Amino acid sequence: MTRTALEALEAARATLRRAELRAGVRSSTTSAPDVEEADRPLGAILDGGRLPVGAASVIQGSTSLLLALLAQSQRSSGWVAVVGAPSLGYLAAAQAGISLERLAVIPHAGEDPAGVVAALLDGMRYVVVGPATALSTSERRRLLARARERGVGLVSTREWEQAAVRLDVEAHRWSGVDRGSAYLRRCELEVARTIRGTTDRWTLTLSNGEGPHGLVEPGNARLRQASGSAPLRLVV
């Protein structure tokens, strides 16, 4: 089975699991006995395996999670633009697996941030709206309509009305300094995910893995979950 087919299959299984939880067919608190943990791609946290296009997403509380999901969604041909996030670095983006050849960074949007975002929606696959991009409610509404028309994914680090998916990082736990050769090797995130008005919680672990200098090796994202157990655990 190809990688694309496997990701589609795992995304479908994740969608079915959420439907079973809502219907009460599957318990979110009772673990199934003797169920072997399965490795699942990072995209399993999202319907379709990647950030939605023609819609808005909100990712708050973790730049590392934002970059990891952008890398997963960018794939081999998509262009990504980041507007109004002056603290975002190219090294962090590269470590997360984002292709710098297809990344545009505009640290400051100037006096017409809505115009800058609108222009980027005409040529990018994903446009990230950072915290330094001030937009009014009416401007966000117009930009979302434009994204839907162009089939582009809007990703915001702040509130955005009618967002298709919200990922709110509620807590961080770092580890690895003492035994990680002076590197923070792992960060465990508690994430509340909201899709179509339904919120569930995931435990995500961002790990620097075995790459040179402790950097993340692109494509090492895996989800480990015992079927029927909660919360979900993601290892990146």
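Asp122, Arg146, Glu149 and Arg150 are tied into a network of salt bridges. This is a predicted model, and a search through the whole of the structure turns up eleven salt bridges. Within the network, Arg150 pairs with Glu149, and their closest N and O atoms sit 2.8 Å apart. Glu149 is exposed, since its relative accessibility is 62%, whereas Arg150, at 36%, counts as partly exposed. Side chains of opposite charge can pair when their charged atoms come close.

Another of the salt bridges joins Arg196 to Asp47, with 3.0 Å between the closest N and O atoms. Arg196 belongs to the loop between strand 8 (186-195) and strand 9 (198-207), and Asp47 to the loop between strand 1 (38-40) and strand 2 (55-60), so this pair ties together parts of the chain that are 149 residues apart in sequence. Arg196 has a relative accessibility of 62% and therefore counts as exposed. Its partner Asp47 is partly exposed, with a relative accessible area of 25%.

Asp200 and Arg193 also meet through their side chains in a salt bridge, this time with an N to O distance of 2.5 Å. Here the arginine is the hidden partner: Arg193 is buried, because its relative accessible area is 1%, while Asp200, at 21% relative accessibility, counts as partly exposed.

Arg146 of the network turns up again where two helices pack. Helix 4 (residues 113-120) and helix 5 have their axes 10 Å apart and cross at an angle of about 10°, which means that helix 4 runs roughly parallel to helix 5. On the helix 4 side the contact is made by Ala114, Val117 and Ala118, and on the helix 5 side by Glu139, Leu143 and Arg146.

The loop between strand 5 and helix 5 holds two buried residues worth a look. One is Leu135, placed in that loop and counted as buried because its relative accessible area is 14%. Leaving out neighbours within four places in sequence, Leu135 is in contact with Pro113, Ala114, Val129, Arg140, Leu143 and Trp160. Ala114 and Leu143 from that set also take part in the contact between helix 4 and helix 5. As for Pro113, its C-alpha atom is separated from that of Leu135 by 7.1 Å, although the two residues are 22 residues apart along the chain.

The other is Thr133, found in the loop that runs between strand 5 (126-129) and helix 5 (137-150). With a relative accessibility of 4%, Thr133 is buried, since anything under 20% counts as such. The side chain of Thr133 reaches the backbone oxygen of Val83 at 3.1 Å. Once neighbours within four places in sequence are set aside, the contacts of Thr133 are Val83, Gly84, Pro113, Val117 and Arg158. Pro113 is thus a contact of Thr133 and of Leu135, and Val117 also appears at the contact of helix 4 with helix 5.

Ser73 offers a further example of a buried residue with a polar side chain contact to the backbone. Ser73 sits in helix 2 (residues 63-74) and is buried, because its relative accessibility is 1%. The side chain of Ser73 reaches the backbone oxygen of Leu69 at 2.8 Å. Not counting residues up to four places away in sequence, Ser73 touches Arg50, Leu51 and Tyr126.

Zooming out, the protein chain contains five helices and eleven strands. Of its 236 residues, 43% are buried. Among contacts with a separation of 6 or more, 64% come from residues 24 or more positions apart.

Confidence varies along the chain. The average pLDDT is 76, and 65% of the residues score at least 70. Over residues 24-40 the pLDDT stays under 50, and the model has 34 contacts beyond four places in sequence for that stretch. The pLDDT also stays under 50 over residues 209-236, for which the model has 75 contacts beyond four places in sequence. Where pLDDT is low, the predicted coordinates should not be read in detail.

Technical notes: Residues are numbered from 1 along each chain as its sequence is written. This is a predicted model: local features need pLDDT of at least 70, side-chain atom pairs count only at pLDDT 80 or more; totals for chains, interfaces and linings use all residues. Side-chain values use heavy atoms; hydrogens and water are left out. Helices (H or I, at least four residues) and strands (E, at least two) are DSSP runs, numbered from the N terminus. Buried means under 20% relative accessible area, exposed over 50%, partly exposed in between (1.4 Å probe, protein chains only). A polar contact is a pair of N or O atoms within 3.5 Å; within protein, one must be able to donate a hydrogen and the other to accept it, and residues adjacent in sequence count only if both atoms are side-chain atoms. Contact means heavy atoms within 4.5 Å. A salt bridge is a side-chain nitrogen of Lys or Arg within 4 Å of a carboxyl oxygen of Asp or Glu. pLDDT is the predictor's confidence in each residue, from 0 to 100. Axes are lines fitted to C-alpha atoms, for helices over the stretch in contact, and angles run from 0 to 180 degrees between N-to-C directions. Angles under 35 degrees count as roughly parallel, over 145 as roughly antiparallel, 65 to 115 as roughly perpendicular and the rest as oblique.
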